[in-house]
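Thanks for asking me to look this one over with you. Here are some notes to read alongside the structure, point by point.

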Amino acid sequence: MIDVAAAKGMQMLPDNYRITRKDLEDALKSRGVTLAEGDVALIRTGRMQNYEDKSAYMSNPPGLSIDAAKFLVEDGGAMVVGADNLSFEAFPAETENNYIPVHTYLLAQQGAPIIELINLEQLSKDRVYEFAFVGASLKFRGADAAPIRPVAFPLR
């Protein structure tokens with residue numbers, strides 16, 4: 001887990017905050033964690049704290065930049081990425097002709113699945129940054145998404 005909010009000394013990233021490559025690098029370094037080929041990289045923005053208040057949770061969420069997504073997949077070797085927010089990427093879009101460029105890059109160009117709405121609060125509270133991740137999805141015929149029941153087994 002890459003706890004960007006905690007690394008910045010915040011409970012939650014501000015509205016519309018666009019997470020950069022440097023934010024990810026700083027968060028990993030501050031927790032003594034590195035990415036490895038085949039990792040599931042989960043980003044904590046702190047937004048899940050607002051989950052029960054749908055207006056606060058869904059309105060103007062922080063999210064990933066394209067450069068940060070490239071860092072995770074190309075440099076870090078992540079095979080799956082996720083975050084505790086609804087949209088995964090920040091809005092408005094960084095590009096003029098693509099409303100969801102981070103989704104396009106990860107799903108269509110890199111084949112990296114995205115997990116959204118993952119509750120990372122307890123892992124953050126317990127300072128668990130490295131764990132074995134199990135996330136079996138339901139098999140829906142013809143679907144492009146499915147809910148999962150994620151389980152984290154701490155390594156340290």
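1. Let's begin with Asp26, which is found in helix H2. Asp26 has a relative accessible area of 37%. Buried means under 20% and exposed means over 50%, so this residue is partly exposed. Please keep in mind that you are looking at a predicted model. The C-alpha atom of Asp26 is separated by 9.9 Å from that of Asp3, although the two residues are 23 residues apart along the chain.

2. Which residue does Asp26 form a salt bridge with? The partner is Lys22, and the closest N and O atoms are 2.7 Å apart. Both residues lie in helix H2, with their positions 4 residues apart, about one turn of the helix. Lys22 has 52% relative accessibility and counts as exposed, while Asp26 counts as partly exposed. As background, side chains of opposite charge can pair when their charged atoms come close.

3. Helix H2 has another salt bridge worth a visit: Arg21 pairs with Asp75, with 2.4 Å between the closest N and O atoms. Arg21 lies in helix H2 (residues 21-31) and Asp75 in helix H4, so this pair ties together parts that are 54 residues apart in sequence. Arg21 counts as partly exposed, at 22% relative accessibility. In total, the structure holds 8 salt bridges.

4. Now follow helix H4 itself, which covers residues 66-75. Which of its residues are buried? They include Ile66, Ala68 and Ala69, and further along the helix Phe71, Leu72 and Val73. Just after H4 comes Gly77, which takes a positive phi of about 80°.

5. Next, please look at Arg44, whose side chain meets that of Glu121 in a salt bridge with an N to O distance of 2.9 Å. Arg44 lies in strand E3 and Glu121 in helix H6 (residues 121-125), so the pair ties together parts that are 77 residues apart in sequence. Is Arg44 buried or exposed? Its relative accessible area is 3%, and because buried means under 20%, Arg44 is buried. Asp3, mentioned above for its C-alpha distance to Asp26, is linked with Arg44 and Glu121 in a network of salt bridges.

6. Strand E3 also belongs to an open sheet of 4 strands, and you can trace the order as E1-E3-E5-E6, with parallel pairing. The edge strands are E1 (2-3) and E6 (114-115), each of which pairs on one side only. Between E3 and strand E5 (residues 80-83), which run parallel, there are 4 bridges. For a specific place to look, find Leu42: its bridge partner in E5 is Gly82.

7. Finally, turn to the surface. Which residues make the nonpolar patch of about 370 Å²? The patch is made by Tyr51, Met58, Leu86 and Leu117. Tyr51 lies in the loop between strand E3 (40-44) and helix H3 (54-58). With a relative accessible area of 44%, Tyr51 is partly exposed.

Notes. Residues numbered from 1 in each chain as written. Predicted model: local features only at pLDDT ≥ 70, side-chain atom pairs only at ≥ 80, totals over all residues. Heavy atoms only, no water. Patch = residues over 30% accessible without salt bridge, like charges linked within 9 Å, V, L, I, M, F, W, Y side chains within 5 Å. Areas by Shrake-Rupley, 256 points an atom, 1.4 Å probe, with all protein chains shown as cover. Salt bridge = Lys/Arg side-chain N within 4 Å of Asp/Glu carboxyl O. Helix = DSSP H or I, 4+ residues; strand = E, 2+ residues; numbered from the N terminus. Buried < 20%, exposed > 50% of the residue type's maximum accessible area, 1.4 Å probe, protein only. Pairing = 2+ DSSP bridges.
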